[in-house]
Amino acid sequence: RDELTGLINRRHMLELLEQERQRCVRSGHSFCVALIDIDHFKRINDTYGHPVGDVVLRGLAQLIVNTVRTTDIVARYGGEEIMVITPSTPVKTAAQLAERLRKAVEEAPLAIPADLHRELDKMRITVSIGVACFGRQAVDMKELIQNADKAMYQAKREGRNRVIVGCAPDG
C-alpha cells in the first residue's frame, strides 16, 4: 500500500494489471484503465505547501475509491497520478466511469484542516483523465499505460478537467 493515500502501490498495481491481462486473454473480455492527474498540482504545493498537497492527494484518493465500482482497482501510479483498473469493462463503460469521476472531483470540495492553512477550509480541484483499453490498441501492459498517459496529456493540452479516451469506442 501507498503510505500517503492508503491505495495500492505501483508495484502491486503492475502485478494486478498482469493478472487482469491474463484473465482478459483467457476470457476474451476487455478491460480498461483510467489514468487520473490533478490539474495544476504543482501550483497547490507551491501556493499552500506540501502538507496541503498531501491532504488533497488523500482526499482525492478517498473520493475516487468512494465513486468507482467495488470491482474496480484504485492505485497510486506516482506523484499526483492515480490509476483505476476496470476489469471486464468495455471502453464505453470505462469512459462513462471516468466522466463520473471527473465530475465528482470537480463538484466535491476537499476539507483542509485549519492547522495546515488558516484561511483555507475547503479546496476545489479538477482532474484530467486518460482512458485506454487492453486488446485492440494495446497488446501489452507497457503499451496500455502509454496509451492512457498519452490520452491524459491530451486532456491537459485541450484545457484540463476533461476525459480523453485513447482507444476506439466499442458499444
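These legends walk through close-up views of a predicted model.

**View 1. The largest nonpolar core draws on helices and strands.** This core holds 36 residues, and I38, V56, I64, V84, I125 and I129 have the most contacts inside it. Two or more residues apiece come from β1 (31-38), α2 (41-48), α3 (50-67), β3 (81-86), α4 (91-107) and β6 (127-134). Helix α3 supplies the largest share, with 8 residues. As background, nonpolar side chains tend to be buried together in soluble globular proteins.

**View 2. V56 and its contacts.** Which residues does V56 touch, once neighbours within four places in sequence are left aside? Look for I38, F41, I44, L110, I112, M123 and I125. V56 is also one of the residues with the most contacts inside the largest core.

**View 3. A second nonpolar core.** Separate from the largest core is another of 20 residues. Among its members are M13, V33, M83 and M152.

**View 4. An open sheet of 5 strands.** Follow the strands in the order β2-β3-β1-β6-β7, and you will find that the pairing is mixed. At the edges sit β2 (73-78) and β7 (163-165), each of which pairs on one side only. Ignoring direction, neighbouring strands are turned by 20° against each other on average.

**View 5. The β1 and β6 pair.** Here the two strands run antiparallel and are joined by 8 bridges. To find your place, start at L35, whose bridge partner in β6 is G130. In general, strands of a sheet pair through backbone hydrogen bonds, whether parallel or antiparallel.

**View 6. Cysteines without a disulfide.** The disulfide count for this model is 0. C24 is in no disulfide, and its nearest cysteine sulfur, in C133, is 7.3 Å away. Why is C32 not bonded to C133? Their sulfurs are 3.5 Å apart, which is too far for a bond because the cut-off is within 2.5 Å. C24 is buried, with a relative accessible area of 9%, and C32 is buried as well, at 0%.

**View 7. Positive phi at S88 and R160.** Neither residue is a glycine, yet S88 has a positive phi of about 45° and R160 has one near 70°. S88 lies in the loop between β3 and α4, while R160 is in the loop between α5 (141-157) and β7. Are these residues buried or exposed? S88 is partly exposed, at 47% relative accessibility, and R160 is partly exposed too, with a relative accessible area of 30%.

Note on methods: Residues are numbered from 1 along each chain as its sequence is written. This is a predicted model: local features need pLDDT of at least 70, side-chain atom pairs count only at pLDDT 80 or more; totals for chains, interfaces and linings use all residues. Side-chain values use heavy atoms; hydrogens and water are left out. A nonpolar core is a set of buried Ala, Val, Leu, Ile, Met, Phe, Trp, Tyr and Cys residues joined through side-chain atoms within 4.5 Å. Buried means under 20% relative accessible area, exposed over 50%, partly exposed in between (1.4 Å probe, protein chains only). Helices (H or I, at least four residues) and strands (E, at least two) are DSSP runs, numbered from the N terminus. Contact means heavy atoms within 4.5 Å. Two strands pair if DSSP finds at least two bridges between them. Axes are lines fitted to C-alpha atoms, for helices over the stretch in contact, and angles run from 0 to 180 degrees between N-to-C directions.
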